[in-house]
Amino acid sequence: MLLDIDDVTKTYPGADRPVLNGVRLRLDQGDTLALTGESGSGKSTLLHLAGALDRFDGGEITLDGTALSRLDDTGRARLRRRTVALVFQQFNLMPALTVDQNLAFHARLAGRADPAWIDRIRTRLGLDGLGARYPEALSGGQQQRVAIGRALAMRPRLLLADEPTGNLDEDTGAEVLSLMLDLVADTGAALFLVTHSDAIAARAARRLHLHHGRLT
Amino acid sequence: MTRAILLALLAHWRRHPGQALTLVAGLALATALWTAVQAINAEARASYAEANSLLQPARAGTLTAPTGAIPPRTYAALRRAGWQVSPVLEGRLDAGAARVTLLGVDALTYPALPVPDDTADAGNPADVLLPPGRLFADPDTAAALTRADLPPVVPASDMPAGVVLTDIAVADRLLEAGGRLSRILVATDQPAGRPLLSDIAPDLVYRPAEAQAGTEGLTRSFHLNLTAFGLLSFAVGLFIVHGTIGLAFEQRRAILRTLRALGVPARGLALAMFAELLAAGLLAGLAGVGLGYVIAAALLPGVAATLGGLYGADVAGSLALRPGWIAAGLGMALGGVVLAGAHVLWKARDLPVLALTGTEAWRLAGARGLRLQLAAGVALILAGWLAVWLFDGLLAGFACLGGLLLGSALLLAPLLAGLLRIGARLARRPVADWLWSDMRAQLPGLSLALMALLLALATNIGVGTMVSSFRLTFTDWLDRRLSADLYISTEDDSRTEALRQWLIPRAESVLPIRSAALRLGDRPGRVYGVIDDPIYRATWPMVRETPGLWERLSAGEGVIINEQLHFGAGIAPGDDLQLLPGWTLPVVGIYADYGNPDPQAITSLDTLLAHVPDLPDRQLAVRSADPPALAAALRDAFDLPADAIMPQAQIKTLSLGIFDRTFLITGALNLLTLGVAGFAILTSLLTLWTIRLPQLAPAWAMGITRARLAWLEILRAVALAALTALLALPLGLLLAWTLLSVINVEAFGWRLPMYLFPLDWMRLLALALVAAALAALIPALRLRRLPPADLVKVFANVR
Ligand SMILES: Nc1ncnc2c1ncn2[C@@H]1O[C@H](COP(=O)(O)OP(=O)(O)O)[C@@H](O)[C@H]1O
Ligand SMILES: [Mg+2]
């Protein structure tokens, strides 16, 4: 079992209702899972909890055999560095680094930078020739692909993607998703992705819906 | 409408009192620094002017005798011939609790009598003239007049400190002068048809009113130093004001955007912010003036020592609040607000409803800006050097300094960008890689603060090097100049002769110290006559010599001159120097004579006596194997007063003490500047905070802990400060060189050798790094404690 989310609740400080209220979910090696839900239903929140970014109030999340509630800052940082990779809705590239540096950054932090592998990813993502540019000189679609490349370059065991196609037109979105599914299959990781689009969700092996803090 | 906007803007301050505090503190600190320097400057200027006008009435020339004393009959002859003259007798007087300068004047003809504080005190004007007479002194000095046999004292605050004025008859009695005069003042307006001065008093030297500017010139140069420092602090102050206002704007970006979205016109917003900034400027300006006053008052004893020690002028050790510098301080705060706020307000005017996030905007401005800065910086430095090359004088020197400083400030960002690029290339680990690149990305936002730091550091190194070089040179010079073991002064020539006869068999050598006041190179100066003694060859601080110098000197065939005469009159070895009409000698060498504003020359005593027969003989320099024993024996044999024998060590301590106090103030102001620059870094970091979080959050998400990120933030600030310090070092040395060999020659008339003080640099570097670390500490701690939810917010859907 790679990811086990067990009866997790989360309430943001100052909010009157919990965002997540007894969420249960399991994900195995090689699984692909699509999460849908209305805007503001807590999809990103759940993804961030699974990625060991934020703390939860109740229940337990076990990632790669480690219970997250028992980890301190350093332990959670180590998990983020080595086990999970996130693709953010807003890409969140490192503005001070070039495309090439961004692509390799997480992998180097994880101690797993493999130039040949990164070259392959760059080519498949159509980023050849853009390596020396800075993120602000790229289009939204290009930035999105760098963000995906950065996540895949470190060969995560769990890839979390928050509306990875939300900023792309339909065709490009479909193409980027194909790439992600291919690369996930290549590396044997698990994919947990959030999306609005039924078409995208339909291509994942499993599909869940978040509503009023619960999964259906 | 305007009211509503203002209320909305003000509500922000109420919710974030810390930010309001930074704004006011930044403005106040800048104003305080500027005000302090101005206050010190104004006070020193005023005191000096006061002293000068009383001691040397501006509208009068003076007559002095080369021998030091003018017989009363000369004065009587002048009056009889119809000259409008006024006699002055001056001397040191043991007044009981202190020694003071007693100035005896003729109350009827003296042009600048003091005004008693309380006219009732003055009593009948005739009391001043009739026995026992009256003494005029400022209240502090009056308190020290405790000797029982002194006439009643009238407090007069316009008297300079340490000087007591009285009628000349009273002074004659107290000083036991026997009718002789120290000098005679000559009014500028004289009745027509009088005989020539040179006919009535041929052996007196006449100095017209303008020619007395010697000490004034020196003081002016001291003021110039202060003014230069004031300008620098103004520049540093502007940097801070700019940073603080930028911060105030950045922190309220959200609320401004909301107001714009609600339909508030950009112009109304800009106006409201402008009104608000002016109010803040006024408030902070007042606070800053108050703070500056406190700083100035704390530094003022140092200022008084500086002026007194260097130029022999007493400055009242207290500070009066002057409307002039209050206005200047407020002007600085408001002007700074307008200047620095203009560009920020421009941004507010154009603020799009959806603005670019910070970094992109910074970087777009960056690349082109760097090239422009590089060009402008080089141009400014070249223009400064061109000014020195084309024009002479202090102004050109200062233009050069200004060009150097401003140009280097502009060069800073491009140079740092280059250094950081090299660093990034050398980095191997991913975090190091990011650190270097990120510093480069941060540069545009931090460059203003780093410029402030560069200027502060360079000025520190520059002024510090100048002062330390001065001190070292001066110590060495003292060692050489005060090479005898005992210095003895007497009251009259026959006593000196008796002492000489007694000393010759008992001491290794006995040297006379005799001089005449002569005009040298068109300025009043002094010529010393020396006897041939090996000690001079061994120790006299020569700057330039010609072969056979001492032989020619003792043969009466040459003269050596001090640097002031060399630079002032453009006379060099090989030239002829006229000492008296009909007496000209070739210059055979130049010697160092620091601290003395006037021209000076040395020739053989025999030659000097041949031309000026009546040289007073009142001082002896004695070399001995056992100076304390000799001094004791001398005291027993002649019943000498305590201060008649000056051991060399004591003179040196005294001189060095005065000299060290002289530059006290420079150190204090330097520290202040550095603190202010540290504050500039802090405000810049706080300004960058809002755009910083989106840059740091991804690194955190990829597994770098907040604690590590916080450390990296400090490391970054320290590294940037260190690199800036690295660039500040050559700039500071260049600055020192300019001060020592351009400004100093123009202002003081001597060129100083430059010494390097690596230990001082180390200490300064450490200080700068500590300032940067402290400045980064607050944002770093904030980052360290930031809840993960706040970092996660960066990745949430909402922008
Ligand atoms: N870091 C945060 N702090 C406080 N409230 C948050 C934070 N992130 C999200 N929220 C709130 O939690 C709810 C769920 O947000 P989110 O998980 O982003 O929803 P979704 O991704 O499904 O649109 C929203 O009401 C949002 O305002
Ligand atoms: Mg979301």
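**Figure 1. Close-up of B:Glu713 and its charged partners in the predicted model.** B:Glu713 has a relative accessible area of 12%, so it counts as buried. We're looking at a predicted model here, as in every view that follows. The partner of B:Glu713 is B:Arg716, and their closest N and O atoms sit 2.8 Å apart in a salt bridge. B:Arg716 is buried too, with a relative accessible area of 2%. Both residues belong to helix α24 (residues 706–747) of chain B, where they're 3 residues apart, or about one turn of the helix. That spacing fits a general rule: an α-helix has 3.6 residues a turn, so residues three or four places apart point the same way. The pair isn't on its own, either: B:Asp438, B:Arg692, B:Glu713 and B:Arg716 are linked in a network of salt bridges.

**Figure 2. Two further salt bridges, one in each chain.** Searching the whole structure turns up 28 salt bridges over all chains. In one of them, the side chains of A:Asp100 and A:Arg122 meet at 3.0 Å, N to O. A:Asp100 comes from helix α3 of chain A and A:Arg122 from helix α4 (residues 115–124) of chain A, so this bridge ties together parts that are 22 residues apart in sequence. A:Asp100 has 29% relative accessibility and therefore counts as partly exposed, while A:Arg122, with a relative accessible area of 14%, is buried. Over in chain B, the side chains of B:Asp532 and B:Arg537 also form a salt bridge, at 3.0 Å from N to O. B:Asp532 is partly exposed, with a relative accessible area of 48%; B:Arg537 is partly exposed as well, at 36%.

**Figure 3. Helix α3 of chain A and the glycine after it.** How many of the 12 residues of α3(A) are buried? The tally is 9, so the helix is mostly covered. Among the buried ones are A:Val99, A:Asn102, A:Phe105 and A:His106. A:Leu109 and A:Ala110 are also on that list. Right after the helix comes A:Gly111, with a positive phi near 75 degrees.

**Figure 4. Where chain B touches chain A.** The contact draws 31 residues from chain B and 25 residues from chain A. Together the two chains bury about 2800 Å², and 59% of that is on carbon and sulfur atoms. There are 2 salt bridges between chain B and chain A. Zoom in on B:Arg706 and A:Asp73 and you'll find their side chains in a salt bridge at 2.5 Å, N to O. Polar contacts show up as well, with 6 residue pairs across the interface, both residues at pLDDT 80 or more. On the side of chain B that touches chain A, the elements giving two or more residues are α13 (358–390), α15 (430–481), α23 (664–701) and α26 (788–793) of chain B. Of these, α15(B) gives the most, with 8 residues. Sorted by class, that side of chain B has 16 nonpolar, 6 polar and 9 charged residues.

**Figure 5. Aromatic pairs, between chains and within chain B.** The whole structure holds 6 aromatic pairs over all chains. A:Phe88 and B:Phe795 make a stacked one, 3.8 Å centre to centre with 10 degrees between the planes. A:Phe88 lies in the loop between β6 (84–87) and α3 (99–110) of chain A, and B:Phe795 in the segment after α26 of chain B, so this pair joins two chains. Are these rings' residues, A:Phe88 and B:Phe795, buried or exposed? Both are buried. B:Tyr536 and B:Trp540 pair edge-to-face instead, at 6.0 Å centre to centre and 70 degrees between the planes. Those two are buried as well. They also belong to one aromatic cluster made up of B:Tyr536, B:Trp540, B:Trp550 and B:Tyr591.

**Figure 6. B:Ser408 and its surroundings in chain B.** B:Ser408 sits in helix α14 (residues 394–426) of chain B. Its relative accessibility is 11%, so it counts as buried. Which residues does B:Ser408 contact, leaving aside neighbours within four places in sequence? They're B:Ile381, B:Gly403, B:Leu454 and B:Leu731. As for the chain around this serine, chain B has 26 helices and 19 strands, and 53% of its 799 residues count as buried. Among chain B contacts between residues at least 6 apart in sequence, 80% join residues at least 24 apart.

Methods. Residues are numbered from 1 along each chain as its sequence is written. Chains are lettered from A and ligands numbered from 1 in the order in which they are written. Side-chain values use heavy atoms; hydrogens and water are left out. Contact means heavy atoms within 4.5 Å. Buried area is the accessible area (1.4 Å probe) that two parts lose on being put together, summed over both. A salt bridge is a side-chain nitrogen of Lys or Arg within 4 Å of a carboxyl oxygen of Asp or Glu. A polar contact is a pair of N or O atoms within 3.5 Å; within protein, one must be able to donate a hydrogen and the other to accept it, and residues adjacent in sequence count only if both atoms are side-chain atoms. Helices (H or I, at least four residues) and strands (E, at least two) are DSSP runs, numbered from the N terminus. Ala, Val, Leu, Ile, Met, Phe, Trp, Tyr, Cys and Pro count as nonpolar, Asp, Glu, Lys and Arg as charged, and the others, Gly among them, as polar. Rings of Phe, Tyr and Trp (its six-membered ring) pair if their centres lie within 6.5 Å; planes under 30 degrees apart count as stacked, over 60 as edge-to-face and the rest as tilted. Buried means under 20% relative accessible area, exposed over 50%, partly exposed in between (1.4 Å probe, protein chains only).
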